[in-house]
Structures are given as C-alpha cells and as structure tokens.
Amino acid sequence: MMQIKNLHAKIGEKEILKGVNLALEKGKVHVLMGTNGSGKSTLTKAIVGHYDVSVTAGTIEYKGKNLVDMPAEERALEGVFLSFQNPIEIPGVNNAYFLRAALNAKEKYRGEKETNAAEFLKLMRAHAQKLGMNPDMISRGLNDGFSGGEKKRNEILQMEILQPDMILLDEIDSGLDIDALKAVSQGINRMKDGERTFLVITHYKRILDYIHPDYVHIFQDGQVIKNGGPELVDVLESEGYQAIVKD
Amino acid sequence: MAEEAVEKILAQEYQLGFTTDVHEDRVEPGLSVAVLEFISAKKNEPQWMLDLRIKALQKWEKMQEPHWSQLEYEPIDYQSISYFAAPKKAPNSLDEVDENILEAYEKLGIPLDEQKMLQGIAVDAVFDSVSVKTTYTEALKEKGIIFCSISEAIVEYPELVQEYMYSVVPMSDNYFAALNAAVFTDGTFVYIPKGVRCPMELSTYFRINAQNTGQFERTLIIADEGSYVSYNEGCSAPQRDENQLHAAVVELIAKKDAEIKYSTIQNWYPGDENGKGGIYNFVTKRGICEGENAKISWTQVETGSSITWKYPSCILKGDNSVGEFYSVAITSKGQQADTGTKMIHLGKNTRSTIVSKGISAMQGQNSYRGLVKVAPKASGARNFSQCDSLLIGSTCGAHTFPYLESQNATAQIEHEATTSKISDEQLMYLRQRCIGEEDGVSMIVHGFCKEVFAQLPMEFAVEAKELLNLTLEGSVG
C-alpha cells in the first residue's frame, strides 16, 4: 500500500529522519514503537505533508504516486488520514459543519454525489453513538474545550466517516481511560476490511490486545531498526528498548 | 502559510469597481450657500428645507474636523468636492431610467425590474445624489406604509419630515453630521403606521458613480406604536484613484412597542493594496427607543471603504426598551476601521447587547470603540458586550476601547473580549481533512462571524458570506 524508501527529513535545520525504509502492506495493521524523540511523529508528519517537515531525500510511494511533492490536502483526498497526537482546537467552526465539508470535498474529488446535511447528520449521530460520544459534541466548536478522551474519540469519528485507505494513528491511546480505549479500539476494528492499511504509533501493549497487529517495527534515531511480528512487543515489554537496540 | 493563503485571496480585484457612463448633471466643486440653493432648487424643495440647509452650513463652518480616533488620512479639501451629481434625465417610471443605470444595478445583482425582483423585498436605489427607482411603493401604500426617497418625502410629507428630521441626530451633532445636514442629496424615508407589521424587507442600495463627488445620503425611519420593520442597506462604488467622501446620517425612531431592525452591508471600494483610493466612510447612525418596550437592532457587515468611522447607537429612553448592535468589520490591505456603538440607557430596565467581531489581515487596522452609559434614573439597566478580534498574519492590528459609565448602582454591565489568530496549525489540521487553505480560512472566518450573520435577513446573510469570500477567500460565483 505504501513504500517508504530512504526517507530523510529535517525540522528546521535538524535532521530527524535519517533514511527510513518501511513497507506497509495492504490490509494489514502495522505498529511503530520507539523511544520518545526517535522521530515517529515526524515520520507521520512527513507522510501527510506537514509544513514543519522538509523532506531532503527519499520517496513515499502510495497508489503509484510519490507523495513527497503532493500538497497536503491532495494526500488527504487520496485517502491518507492522520489521527493527530494533539488535535488542535478551532473554536467557532462547528464540528458537524467541518466534517461534512471534509466529506463533501472528498466526495467531489472522487466524482461522487455529495452527502446532504440531513443525511450527514444521521450518519454522524450514528457514529457518535457507537463511539459513546455525548450528542452535544456534534454541534460544538471543533475540539473546542474537548477533554483529551473526547478529542481522540472525535479523531476516530472523523476516520470512520471519511473512510480513508491509509490510516496513521499517532498515540491514539495516550491519556485514555479504559472505556475510551475500548471505544477507540472498536472503532479501529470496525475499519479493518482487509483493504485498509494501518500504521499505529504507540508506547503501550494495552491497545494492541484489542486491535491485534500483523507487524511491529521498532524506530530508533530516525530509522526503522527492526521488523517483526507481534512477538516483538513482548520482548519490549519484558526487556525494554535497550535489548533490541543492542541486537 | 496562513499569510500566503490570505495574500493570494486578497490579490483578487474589487469586483464592483466598474464605472457607468451616464450623462450627469453636477454642480461645480465647492461648498457655499449658492450650492445649497442649487441642490434645493434641483429637488424642488420648499423654502423651509433650504433655510435648514443654510443654518446647518453656518454651524458646520464654525466646527472643527474631529481627529480623536486611531485613523490616519490625508486632510480632506471640502472645497474640491462636488456636492451634487445626478443622471441628467430625472426618471418618472422604470421605462425612463437610463439603461446604463439599470445595467449597473444588474451588475450589482440588484435587478430593479419588478418582474425579476426577489419576491418580498422592496428596493430604493440611490445613484450618486438621487434616488433612481423605488419599487413596491404602491403595494406598501395599501397598508399605509410610506417608503420613498427623502427628497420625495420632503415635498409630499413635510409634516413628518419637519417633526422628525434632526430630532435624533441634531444638525450640529458632529462635524460630518453638520456637513450632511447642509448638503444631503438623497436617501430613504420610511414610515410604518401604528400596529402595522411591514410585510416585506425594505432595502436601499447606494451607489457612488460620478468622479470627485461625495455621497451624502440621509435616511429617516419612523416606526409608530406597535409596528415592525426590517430595513437593509447595501453600498458600492467604482474603483478610483482618489478618495471619495461618504458622510451619511441615519435616524431611527421607534415608538412604544415598535421594533426596527436595521442591517447594513457596506462594500464601498476599499482602495488598492498600497492604500491608494477608496471611500472615506464617515457616518452617523443613531436610533431612539422613544416609548416603552421599543426595540432597535443594528446589524452591520463592514467589508469595504478605505476608512470607516461609524458608531450606530441607541438611545434607550422608553422603559424596558432594548438596543442591539451586531457587527462584523473586516480590514485588509491598508484599510482602517474605527467602529462600534453607543448604548445610552435612560429608561428603567432597559437592556442592550453588543456583539462585535473584528477581522484584520495584511496591514488592516481594526478598532472597536463602544460606550455604554447608564443614566441615574435607569434602574435595572443591563448591558452585555462581547468584542472578539481575529488576526490573520502578523502585520495587522486590532484595538478595543470600551467606555463604561454607570450612574445607577442597580445597573449590570458585562464586557467580554477575546483576541485570536488563525494559526498555521489549524489550517494544517483542516488540510489533512481534505479542506484546502482558502476554504480553511473561509471556514474559520465564517465560524468567527456566525453570531452576527445569524441576525441578518436570509438574502443578506448569503450576500454577506459571499462578500467575505471575495474580501478574504477565493472567488465565489
């Protein structure tokens, strides 16, 4: 689904990604783990075209195109979705209005009929209910005054409505209580259809017990240093990163 | 990133900057009794009106131009302005209106042809110094409603005009009001009789076309006991290199249990990116809630003009009367706006609400200036003010000057103010959700203004949104 080859990238003058190679297989759940500051979030930012990150070398191949030179909104329209680690608040912009505009933009891009307001509200209410969200968040400002857990549920809600093909989840599980973690994981599982590809960044095994990853990659100092299966997580949990880095 | 998006959007040309070629009657530049006599004669005014004009001129000549605001501009040479310009042929019916003028209004999206008109909106169109066409007059007359140009009202309804004109904004109220009192050329007159609810939106469209002219319109709206009217005004002007002066006066009178809703969409030519040209919009607007339970509501969307200086105000004289002010003011390029309101609480249990939204981009400077005054007898008076500023980029400015004066211990005054900025991080979030930069800016700006837009009549709300799109975002329509 996505091939990242020899990707180098800087934030400001500092080189963060130092030759990332990563193959994300269609329909699979990949997990990316690594110490704080190793460059995991920078990798997701490079994939979605965040202005903070400048790619200096390498390619990100996706659906036969190199994403590196593509504007951020076009990458999103092509089905790349990032659940942000800290979703930003946009007061005044109604949550439902925003999400319908996003969905309509995508439908327009694909030449599909645009979902009208009534259909959309029905859709949004149904999804919000599944995620155990308070119905009033539909009409509140985008992430405005949302708790950490509400913001993460809202990211999952957006994912479920926009139906992306390549899903990047940056610490979707951080700061969640047990109920929220369960709701978020169920949302992710609902999206698994053997076609969609996931890249899940996490520090904890907890979420992986719900979403059952296919592959685990270890990230260290701007590179993928080890690839393996779910068993790698157990090694990490018992021995820490040092054991793998030494290998 | 946010700045780039805005700059791209702002590179758009002013869309209403065309000029219309009509044969015009105009008076030589300059201000004198002779000029007033000329205007008065052109309009077939009675002697009392000319006498009032001359009195106003004498007062104006003794006054000083005010310079207390934050505004910066070159001195205005009042002797170089032509105070009257009118299409040569005075039309008696739509058939006689100059085709070029009809076409100009078509371009503005205001067809004057009644067949094509939007159902339910009566229009008075003022072109330079004269009203060229008022529609639906007959239909309104059946209910006893008077909707005509002020020139016509002076001749046809002198008692009403003499009783109310200058009663809310006295001719010596301020420098620009005095100038207007002397030279005003046209404007709209509305009278709603007792207990009548005006069945349609009334609106006036002002257009400055001629070069080196000022537009000095005067609007007078009287809502008699228990009546209701919703009135809208729109404005635009051609693109010219020199500055043009617009000094209007609006007076509103709401009697017991009456309500006046006054909405403005101001889109005068704002000048170019170097701050050259554009309209000086120096306007005095004031309403009085004369009787109990009267209500006056001002809603304004200010997108144009090089300089805007206006403070639509309410005098809350009747007990339990209500004043409201909802404003969106946007300044970009070299535009300056100093706008706000005055709420003067005189009666018991009077209430006022102020919601002001200022948006600044590029080098735009936006000031909110508001006075809430509670007189000794206004027990139980309440005010709530909310002033929010939105900054786009780092070269613009927003300023808030609230003045609160309370002389009654039972009064409650609340003031809230916020300043926010459209951040690159917000636009990035929206882009990651398929929404491009221009649409993202638009979405955030509309979200910021929605409390004010909600106050506008539907057709005007649509126009206001489109105008914001033109001023700040990509092209629409």
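**Exercise 1. Determine what share of the contacts in chain B between residues at least 6 apart in sequence joins residues at least 24 apart.**

Solution. The structure is a predicted model.
Step 1. Take the contacts in chain B whose residues are at least 6 apart in sequence; 83% of them join residues at least 24 apart.
Step 2. Set beside this the secondary structure of chain B, which amounts to 11 helices and 23 strands.
Step 3. Add the burial and the surface. Chain B has 477 residues, of which 64% are buried, and its exposed area is about 17,800 Å², with 46% supplied by carbon and sulfur atoms.

**Exercise 2. Give the corresponding description of chain A, and state how its radius of gyration agrees with that of a compact globule.**

Solution.
Step 1. Chain A contains 9 helices and 12 strands.
Step 2. A compact globule of 247 residues would have a radius of gyration near 18 Å; the value for chain A is 18 Å, so the two agree.
Step 3. The C-alpha trace of chain A extends over about 55 × 40 × 35 Å along its principal axes.
Step 4. Of the 247 residues in chain A, 51% count as buried. The exposed area of chain A is about 10,600 Å², and carbon and sulfur atoms account for 47% of it.
Step 5. For contacts in chain A with a separation of 6 or more, residues 24 or more positions apart account for 68%.
Step 6. Chain A carries 31 positive and 35 negative charges, and the mean positions of these two sets are 3 Å apart.

**Exercise 3. In the open sheet of chain A formed by 4 strands, establish the strand order and the edge strands.**

Solution.
Step 1. The order is E2-E1-E4-E5, with antiparallel pairing.
Step 2. Strand E2 (14-24) and strand E5 (65-66) of chain A each pair on one side only, and are thus the edge strands.
Step 3. Inside the sheet, strand E1 (residues 2-11) and strand E4 (residues 53-62) of chain A are joined in the antiparallel sense over 8 bridges. One pair of bridge partners is Ala9(A) with Val55(A) in E4(A).

**Exercise 4. Explain why strand E17 of chain B is largely enclosed by the rest of the structure.**

Solution.
Step 1. Apply the cut-off: a residue is buried if its relative accessible area is under 20%.
Step 2. Strand E17 (residues 322-331) of chain B has 10 of its 10 residues buried, and is therefore largely enclosed by the rest of the structure.
Step 3. Consider the two faces. In a regular strand, side chains alternate between the two faces of the sheet. On E17(B), Val322(B), Glu324(B), Tyr326(B), Val328(B) and Ile330(B) point one way, while Gly323(B), Phe325(B), Ser327(B), Ala329(B) and Thr331(B) point the other way; all are buried.
Step 4. Identify the paired strands. E17(B) pairs in the parallel sense with strand E14 (residues 295-302) of chain B over 8 bridges, and Ile296(B) has Gly323(B) as its bridge partner in E17(B). E17(B) also pairs in the parallel sense with strand E19 (residues 351-361) of chain B, over 10 bridges; here the bridge partner of Ser327(B) is Ser356(B).

**Exercise 5. Classify Thr299(B) and Lys373(B) as buried, partly exposed or exposed, and list their contacts beyond four places in sequence.**

Solution.
Step 1. Thr299(B) belongs to strand E14 of chain B. Its relative accessibility is 1%, so Thr299(B) counts as buried.
Step 2. Beyond its neighbours within four places in sequence, Thr299(B) contacts Tyr262(B), Ser263(B), Thr264(B), Tyr326(B), Val452(B), Gln455(B) and Leu456(B).
Step 3. Lys373(B) belongs to strand E20 (residues 365-374) of chain B. With a relative accessible area of 31%, Lys373(B) is partly exposed.
Step 4. Beyond its neighbours within four places, Lys373(B) contacts Met343(B), Ile344(B), His345(B), Glu405(B) and Gln407(B). Lys373(B) and His345(B) are 28 residues apart in sequence, and their C-alpha atoms are 5.9 Å apart.

**Exercise 6. Locate Gln163(A) and His212(A), and state phi and exposure for each.**

Solution.
Step 1. Gln163(A) sits in the loop between helix H5 (148-162) and strand E9 (166-170) of chain A. Although Gln163(A) is not a glycine, its phi is positive, about 50°. A relative accessible area of 37% makes Gln163(A) partly exposed.
Step 2. His212(A) sits in the loop between helix H7 (206-211) and strand E11 (215-220) of chain A. Phi of His212(A), a residue other than glycine, is positive and near 50°. At a relative accessible area of 53%, His212(A) is exposed.

Technical notes. Residues numbered from 1 in each chain as written. Chains lettered and ligands numbered in written order. Predicted model: local features only at pLDDT ≥ 70, side-chain atom pairs only at ≥ 80, totals over all residues. Heavy atoms only, no water. Helix = DSSP H or I, 4+ residues; strand = E, 2+ residues; numbered from the N terminus. Rg over C-alpha atoms; globule rule 2.2 N^0.38 Å. Buried < 20%, exposed > 50% of the residue type's maximum accessible area, 1.4 Å probe, protein only. Contact = heavy atoms within 4.5 Å. Areas by Shrake-Rupley, 256 points an atom, 1.4 Å probe, with all protein chains shown as cover. Lys, Arg positive; Asp, Glu negative; His and termini not counted. Charge placed at Lys NZ, Arg CZ, Asp CG, Glu CD. Pairing = 2+ DSSP bridges.
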